[in-house]
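Got a minute to walk through a protein fold together? Have a look at what's shown below, and then we'll take it one question at a time.

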Amino acid sequence: MKTRIFLVALLSTGLLISSNAQDMRPEQGPTTTYQLVDANLIKVTSPSGNYFHVTPEGIREGAFLLHESIDADNALSVQGQMSQGKYIGRVIYRLNGEIAMIRVYDEVGTLVKTTRMHDVSWGATLAQN
């Protein structure tokens, strides 16, 4: 609830400041940053560089990037688009920088196709999740 109030307050104050989305640069620092992209979209960037976009109601909408360390030797990143809190279009899974899997979702968020890359050993594990 506090996050929703914060986002509404951020949106209200952000409407007073005019700027173009192209002028806004992601800021990385020790805390999570919130950038007003337009009147209906806020970009949330974590200190690790992960980001996603949310509406003032807190629903994920737009581009996202998630980068996680699995263990000391492996890192997984997921990049794609969301609409109404669901994946849409192509969502690309990378393991150590190489594409491990591509999932395709339709416009309402239904999984249509999964393509695993044969040379990535973690592909089978990713497809099950």
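Q: What area does the protein expose, and what share of it do carbon and sulfur atoms supply?
A: Quick heads-up: this is a predicted model, where local features need pLDDT of at least 70, side-chain atom pairs count only at pLDDT 80 or more, and totals for chains, interfaces and linings use all residues. Residues are numbered from 1 along each chain as its sequence is written, and side-chain values use heavy atoms, leaving out hydrogens and water. Accessible areas come from the Shrake-Rupley method with a 1.4 Å probe. The protein exposes about 8400 Å², and the carbon and sulfur share is 54%.

Q: What percentage of the 129 residues is buried?
A: Buried means under 20% relative accessible area, using a 1.4 Å probe and protein chains only. Of the 129 residues in the protein, the buried ones make up 30%.

Q: In what order do the elements run from the N terminus?
A: Helices (H or I, at least four residues) and strands (E, at least two) are DSSP runs. The protein has two helices and eight strands. From the N terminus on, they go α-β-β-β-β-β-β-β-β-α.

Q: Which strands are the edge strands of the sheet?
A: Strands count as paired if DSSP finds at least two bridges between them. The eight strands form an open sheet, E1-E2-E3-E4-E5-E6-E7-E8, with antiparallel pairing. Pairing on one side only, the edge strands are E1 (33-38) and E8 (111-116).

Q: Which residue in E8 is the bridge partner of Arg 103?
A: Strand E7 covers residues 98-105, and five bridges join E7 to E8. For Arg 103, the partner in E8 is Thr 114.

Key: Buried < 20%, exposed > 50% of the residue type's maximum accessible area, 1.4 Å probe, protein only.
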